[in-house]
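Please open the model in your viewer and follow the stops below in order, selecting each group of residues as it is named.

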Amino acid sequence: MKKRFFAPSLTLSALLTLFGSCAAPKVQLDQLAGEWDVVEFDLDTARYEVKNLKEGSAPFFGFNLKEHRFYGSATCNSLMGSFKVDSTQAGSISIPGVASTRAFGPHMDLEQAIVGNLSKVTRYEVFGEKGDSLNLYDKSGKNLFKMARRPDYSALEGKWTVIKAKGKDIQPAEDAPFLTFNTRTVEKLASGNTGCNNFSGGFRLQTGNDSIHFGNMITTMRFCENVTWEQDMMAAFNETATYKAENGQLIFFDAKGNEVMVCRKE
């Protein structure tokens, strides 16, 4: 007897389930949300590493999923626009017609490359154990942007009293030195007073660890005979490599793990 084989018919819902893997993974799309620091980007024949830019010039991108809004900065000018994802193709994205402000800065060639690359983006990939890395590709698969999720600056926000610098306790007779972090602006700012002179400068955190980098601090030039810790404070900014914020204290360490400055939350 000849054997007969029957192929079961698939319902529409079963077909949709079968081919559901073609849709953009919701988890990955959710992970796209937020702000990302550009680590490096394509310059046609080379890759540009953003660490070569001076403090405060690093570009970043932001994705608002609810409004499908794209925003960010390209070293000097602000970026704004929209983005589109294709739910039928995993990782599909386009960022058409990005607009920017028109200020003149020292890196206009890099800004033009960044804006030009954004118009070529067709695919994204979020990866890493914590979903803290993002790549944007063109249609040929070239990696246009390598990015890292922007770190959480909230633990630093506010005013801190400096109580120790370079291993020495600070016990002022009058005005206590302090350090204030403003993390709610595009360029993160640190400012304060040594007990004698005002100071200010930029700083940035590195995604994925506890690294912190202070830019050059600009200070006033008053002479105060009794403020013996001022030089230690300014040296601590230059030497700081990592930090720890816990139990109302903010502690800075150098590259060897030595404590260089201790602050207390006001």
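**A tour by selection**

Begin by selecting Glu49 and Lys51, whose side chains form a salt bridge in which the closest N and O atoms are 3.3 Å apart. Bear in mind throughout that this is a predicted model. Glu49 counts as partly exposed because its relative accessible area is 34%, whereas Lys51 is exposed at 63%.

Next, select Lys166 and Glu239, whose side chains meet in another salt bridge, with an N to O distance of 2.6 Å. Lys166 sits in the loop between E12 and strand E13 (168–169) while Glu239 belongs to helix H4, so this pair ties together parts that are 73 residues apart in sequence. Lys166 is partly exposed, with a relative accessible area of 33%, and for Glu239 the value is 33%, so Glu239 is partly exposed. From here, add Glu35, Asp37 and Arg150 to the selection, since salt bridges that share partners join them into one network. A search of the whole structure finds 12 salt bridges.

**Glu40 and the strands around it**

Now move to Glu40, which forms a salt bridge with Arg47, the closest N and O atoms lying 3.2 Å apart. Is Glu40 buried or exposed? With 18% relative accessibility, Glu40 counts as buried, because the cut-off for that class is under 20%. Its partner Arg47, at 33% relative accessibility, counts as partly exposed.

Keeping Glu40 selected, look across to strand E11, where its bridge partner is Lys146. Display strand E1 (residues 34–42) together with strand E11 (residues 143–149), and you will find them paired in the antiparallel sense over five bridges. Then add strand E10 (residues 133–137), which runs antiparallel to E11 and is joined to it by five bridges; within this pairing, Leu136 stands opposite Phe145 in E11. E10 and E11 form a hairpin with five residues between them, and in the turn Gly141 is worth inspecting for its positive phi of about 95 degrees.

**Into the nonpolar cores**

Which residues touch the most other members of the largest nonpolar core? Select Leu179, Phe181, Phe203, Phe214 and Phe252, which hold that place among the 29 residues of this core. At least two residues of this core are supplied by each of strand E12 (158–165), strand E14 (178–182), strand E16 (198–205), strand E17 (212–214), helix H4 (230–239), strand E20 (249–253) and strand E21 (259–265). Helix H4 provides the largest share of this core, namely four residues.

Centre the view on Phe214 and, leaving aside residues up to four places away in sequence, show what it touches: Phe181, Ala190, Gly202, Phe203, Phe237, Thr240 and Phe252. Apart from this core lies another, of 28 residues, including Val38, Phe83, Ile95 and Leu118.

**Stepping back to the whole protein**

Finally, clear the selection and colour by secondary structure, which comprises four helices and 21 strands. Of the 266 residues of the protein, 39% count as buried, and the accessible surface comes to about 15700 Å², of which 51% belongs to carbon and sulfur atoms. Among contacts in the protein with a separation of 6 or more, 51% are accounted for by residues 24 or more positions apart.

Conventions
Residues numbered from 1 in each chain as written. Predicted model: local features only at pLDDT ≥ 70, side-chain atom pairs only at ≥ 80, totals over all residues. Heavy atoms only, no water. Core = buried A, V, L, I, M, F, W, Y, C linked by side-chain atoms within 4.5 Å. Buried < 20%, exposed > 50% of the residue type's maximum accessible area, 1.4 Å probe, protein only. Contact = heavy atoms within 4.5 Å. Pairing = 2+ DSSP bridges. Areas by Shrake-Rupley, 256 points an atom, 1.4 Å probe, with all protein chains shown as cover. Salt bridge = Lys/Arg side-chain N within 4 Å of Asp/Glu carboxyl O.
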